[in-house]
Amino acid sequence: MSFMLKDRVVVVTGGSSGIGLETVRLLLQEQAKVAWCGRNEERLLASEDAMRTAFPDGQFMTRVCDVLNADDVATFAEAVKTQLGNTDCLINNAGQGRVSGFDNTSDDDWMAETGLKLFGVIRPVRAFMNQLLASGMGSVTNVNSLLAKQPEPHMMATSAARAALLNFTHSLAHEYAPKGVRVNSILLGMVESGQWRRRYLDRSDTDASWEQWTGAIANKRGIPMGRLGRPEEPARALVFLASPLASYTTGSTLDVSGGFAKQI
Ligand code: NDP
C-alpha cells in the first residue's frame, strides 16, 4: 500500500541521522519531495550524499538550521517553498535527551531542556503553518517519548518537558482540526541511535555482539520485545501519521516502544 505522498512536500527537522534520516529515506522511496535540516553542516552534507546515491532522481534539499533559532527556521521555510513547493507535512524530529536527576539539573539545564522540547516544535510549526494551511492535507507529526506519560527519574527534565510537549500537541490538534491541519505524535521507547553505538564501543563486556548487548539492555529495562527499536520502525509510524492514510486521526499518539508502556 502506498502512503499517498508522491510529489507531496515533506519537511523533516533533524534529518541528518538516526530516526530522521530513516524517515527521509522512506519518504524518498515514496517519491515525496523532501527537505531536511540539522545544525552540523558536515553531517547534513553526508546525509545528502547518501540520499543522492540511493535516490539519483529524488527531489530533495537540505539546509543548516537550528530549530531553536527563529530566523533560521523562517529562512528554511521560505527556501522549501521556493525550491520544492508548498509544504504539506511537517515532521518535528530534531532533538536529544538529557540524563540527569533533580540533584544534577541546574536552572539553566531546566531552561535548556524545556526550551528544546517546546520551542524545537513551536518555531517550526509557526514558520510552516501558512504553508500547511494552504496544503489541503496539512499535517504536523511530532517525535515524542513515552517519558511524556511514564517519567524516568534519571531523565527528570526530559520527562517533564516531554509531558509539556504532549500537552501542547493535543491543544494544537484541537485548534487546527477545523482548519484542515492534523497534529499527532509518536511515543518512543528506546531506539538504536548514535548514542547507543557509542556506548557499545565503550562496553566492558567486549565479547558481547551488538544484538546481545542491546538485548541485555532491553531485558534489564523490561522491554517486552527484548530489543531496542530500529530507526526505520519509528520512521514508518511517522510517515503513516503524516500521510493521508491517517486522514481521520488527529490529537493522537502512536506508541513505538516494543511494549514498554505500562499504562493502558
Ligand atoms: P540522532 O542524534 O541520531 O538524531 C538527531 C537529529 O536531530 C540529528 O540530525 C541532529 O543533527 C538533529 N538536531 C538535534 N538538535 C537540533 C537542533 N536544535 N536543530 C536542528 N537539528 C537538530 O537521534 P535519534 O534519531 O535517536 O533521535 C531523534 C529524536 O527522537 C530526538 O528528538 C530524540 O530526542 C528522540 N528520541 C529518541 C529516542 C531514542 O531512544 N533514540 C528515545 C526518545 C526520543 P545536528 O546534531 O547536526 O543538529
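How many positive and negative side chains does the chain have, and how far apart do the centres of the two sets lie? The legends below address this point among others.

**Figure 1. Overall fold of the predicted model.** Eight helices and seven strands make up the secondary structure of the chain. Along the principal axes, the C-alpha atoms occupy a box of roughly 50 × 40 × 35 Å. The radius of gyration is 18 Å, in agreement with the value near 18 Å that a compact globule of 264 residues would have.

**Figure 2. Charged side chains and the exposed surface of the chain.** There are 27 positive and 28 negative side chains, and 4 Å separates the centres of the two sets. The exposed area of the chain is about 13000 Å², of which carbon and sulfur atoms supply 51%.

**Figure 3. Burial and contacts within the chain.** Of the 264 residues, 50% are buried. Among contacts with a separation of 6 or more, 74% are between residues 24 or more positions apart.

**Figure 4. Helix α8, residues 232-242.** This helix is largely enclosed by the rest of the structure, because eight of its 11 residues are buried. The buried positions of α8 are Glu233, Pro234, Ala235, Ala237, Leu238, Val239, Leu241 and Ala242.

**Figure 5. Elements covering the buried residues of α8.** One helix included in this cover is α1 (18-29). Strands β4 (89-92), β5 (139-145), β6 (182-188) and β7 (253-256) are also among the elements that cover the buried residues of α8.

Key. Residues numbered from 1 in each chain as written. Predicted model: local features only at pLDDT ≥ 70, side-chain atom pairs only at ≥ 80, totals over all residues. Heavy atoms only, no water. Helix = DSSP H or I, 4+ residues; strand = E, 2+ residues; numbered from the N terminus. Rg over C-alpha atoms; globule rule 2.2 N^0.38 Å. Buried < 20%, exposed > 50% of the residue type's maximum accessible area, 1.4 Å probe, protein only. Contact = heavy atoms within 4.5 Å. Areas by Shrake-Rupley, 256 points an atom, 1.4 Å probe, with all protein chains shown as cover. Lys, Arg positive; Asp, Glu negative; His and termini not counted. Charge placed at Lys NZ, Arg CZ, Asp CG, Glu CD.
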